[in-house]
Amino acid sequence: MRLPNAGGRTWLKVLGGVVGLVLSLLLLSTAFFKWNLSGSGDLLTPRFPLDKFVRDLPGHLVWLVPFMLLQASLVPLRAVQWQATLRRPIPFKDRFQLVGIGVFVHNALPGKLGEVTRSFLLSRTHNIPFIRSLGSVGVCKLMEFACLMLLVALSFLGPFGETMAHFRTELHVALSLCIGLVALVVLLAHWAAPLGRWLHQRHTMPRVDSFLNHVGEGLGTARSFNGMAKVFFFSVFPVFASALAYGLALHGVHIPGGLFAGAVVLGAISLGQSLPGVPAGMGIYYFVTSWAARALGSNPEDAAAFATLTHLGTVISQVAVGAWCVHRSKLRIRDLRKGGRLANAAAHHVAHEAVEPAPP
């Protein structure tokens with residue numbers, strides 16, 4: 001006997017949530033415990049006395065406060081950056097609120113749909129097709145990734161050059177991925193709209209031709225070197241602010257030269273959490289940040305403090321700014337929590353745009 005579709009989807013969501021929670025807890029535990037899978041001795045061994053770890057946490061406030069301020073600054077910096085990829089002027093106040101709402105959704109709600117949320121809300125509030133709005137956000141994220149890879153590459157010249165040499169292969173893979181993504185975006189920006197117009201003239205595949213036109217418009221900034229350079233320039237500021245925040249945190253946990261290694265940790269976090277919807281995001285964060293801190297010379301207790309406090313500092317600072325933006329926009333939290341409804345609404349917009357006549 002087959003289960004109803006709705007019931008089947010519910011069970012899949014529950015199963016996915018349970019698997020994600022278990023996996024996240026396992027990864028998170030590696031910051032505080034060593035797993036002994038050989039079968040001899042205790043399965044879990046604390047890396048350090050947990051009571052001492054809790055008592056020492058207030059001593060890290062000296063770097064936690066500037067870390068939180070730098071993380072909060074990402075909202076206005078990304079609001080400025082976003083205008084460089086939009087085809088028409090959008091008031092800074094509106095961009096600030098939409099980026100803030102996206103940050104709130106990303107950090108406070110499951111699914112990591114913050115970028116989709118701000119794209120969708122821009123399309124609703126400023127009558128911009130959803131695909132074009134999403135494309136503009138995509139170019140922003142791609143240029144941030146390119147800036148970050150450049151900073152990581154420059155880290156080889158810093159005090160951790162020998163340590164970074166162990167990750168040369170991974171950096172080559174990340175740089176190749178970055179170059180490939182940039183090339184793909186440039187190709188789509190140049191050829192998506194012409195291909196859509198060609199299909200429109202032949203009166204075939206109307207949904208596809210309209211979709212391609214919207215993709216081409218959304219990625220329009222990537223059609224010229226000057227456009228890409230402008231976005232790259234404005235992408236430097238949020239990337240540098242976040243890298244500096246993690247550098248201050250590494251310096252705060254007594255890693256000599258830690259200011260120069262913030263980009264390395266940020267790159268590891270970005271690659272580890274790059275896929276939206278992955279249910280083990282928090283566990284991946286603790287695993288990556290604590291491992292990176294230990295690899296750079298931190299003792300296990302300080303590495304765990306680094307992972308714990310940077311996570312809490314990021315969430316608290318960005319959720320606070322985002323919650324203020326949600327309040328100012330008169331949105332209801334219970335509506336944002338219904339990620340399925342948001343996804344369905346976005347899909348409806350895509351379907352609606354796909355049947356609109358393509359521009360000549």
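**View A. Leu70 is buried, with a relative accessible area of 19%.** Here, buried means under 20% relative accessible area, exposed means over 50%, and partly exposed is in between (1.4 Å probe, protein chains only). Everything shown comes from a predicted model, where local features need pLDDT of at least 70 and side-chain atom pairs pLDDT 80 or more, while totals for chains, interfaces and linings use all residues. Residues are numbered from 1 along each chain as its sequence is written, and side-chain values use heavy atoms, with hydrogens and water left out. Leu70 belongs to helix H3, residues 61–72; helices are DSSP runs (H or I, at least four residues), numbered from the N terminus. And what is the C-alpha to C-alpha distance between Leu70 and Ala245? It's 5.9 Å, even though 175 residues separate Leu70 and Ala245 in sequence.

**View B. Asp56 and Lys52 pair up in a salt bridge.** A salt bridge here is a side-chain nitrogen of Lys or Arg within 4 Å of a carboxyl oxygen of Asp or Glu. By that rule, seven salt bridges turn up. For Asp56 and Lys52, N and O sit 2.8 Å apart. Both residues belong to helix H2 (residues 50–56), with four residues, about one turn of the helix, between their positions. Asp56 is partly exposed at 31% relative accessibility, and Lys52 also counts as partly exposed, at 34%.

**View C. Arg78 and Glu144 form a salt bridge between two helices.** Their closest N and O atoms are 3.0 Å apart. Arg78 sits in helix H4 (residues 74–83) and Glu144 in helix H7, so this pair ties together parts that are 66 residues apart in sequence. Are these two partners buried or exposed? Arg78 is buried, with a relative accessible area of 16%, and Glu144 is buried too, at 8%.

**View D. Glu115 and Lys141 make another salt bridge.** In this one the closest N and O atoms are 3.5 Å apart. With Glu115 in helix H6 and Lys141 in helix H7, the pair links distant parts of the chain, 26 residues apart. Glu115 is partly exposed at 28% relative accessibility, and Lys141 is partly exposed at 29%. Now put the pieces together: Arg78, Glu115, Arg118, Lys141 and Glu144 are joined into one network by salt bridges that share partners.

**View E. Helices H6 and H7 pack obliquely, with Asn127 in the loop between them.** What angle do H6 and H7 make? It's about 140°, and their axes lie 8 Å apart. The axes are lines fitted to C-alpha atoms over the stretch in contact, and angles run from 0 to 180 degrees between N-to-C directions. H6 and H7 are therefore oblique to each other: under 35 degrees would be roughly parallel, over 145 roughly antiparallel, 65 to 115 roughly perpendicular, and the rest is oblique. The loop holding Asn127 runs between H6 (114–125) and H7 (130–154). Asn127 has a positive phi, near 55°, without being a glycine. Most residues other than glycine have a negative phi. Asn127 is exposed, with 70% relative accessible area.

**View F. His254 has a positive phi in a loop between two helices.** Its phi is about 70°, and this residue isn't a glycine either. Find His254 in the loop between helix H11 (225–252) and helix H12 (262–272). His254 is exposed, at 60% relative accessible area.

**View G. Helices H5 and H14 cross obliquely.** H5 covers residues 92–108 and H14 covers residues 300–329. Their axes come within 7 Å and cross at roughly 130°.

**View H. Seven residues form a nonpolar patch on the surface: Val18, Val22, Leu26, Trp35, Leu37, Leu43 and Leu44.** Together they have about 650 Å² of accessible area, worked out by the Shrake-Rupley method with a 1.4 Å probe, counting only the protein chains shown as cover. Patch members have over 30% relative accessible area and no salt bridge, and nonpolar side chains (Val, Leu, Ile, Met, Phe, Trp, Tyr) are joined within 5 Å, like charges within 9 Å. Which helix supplies the largest share of the patch? That's helix H1 (residues 5–29), with three residues. Val18 lies in H1 and is partly exposed, at 47% relative accessibility.
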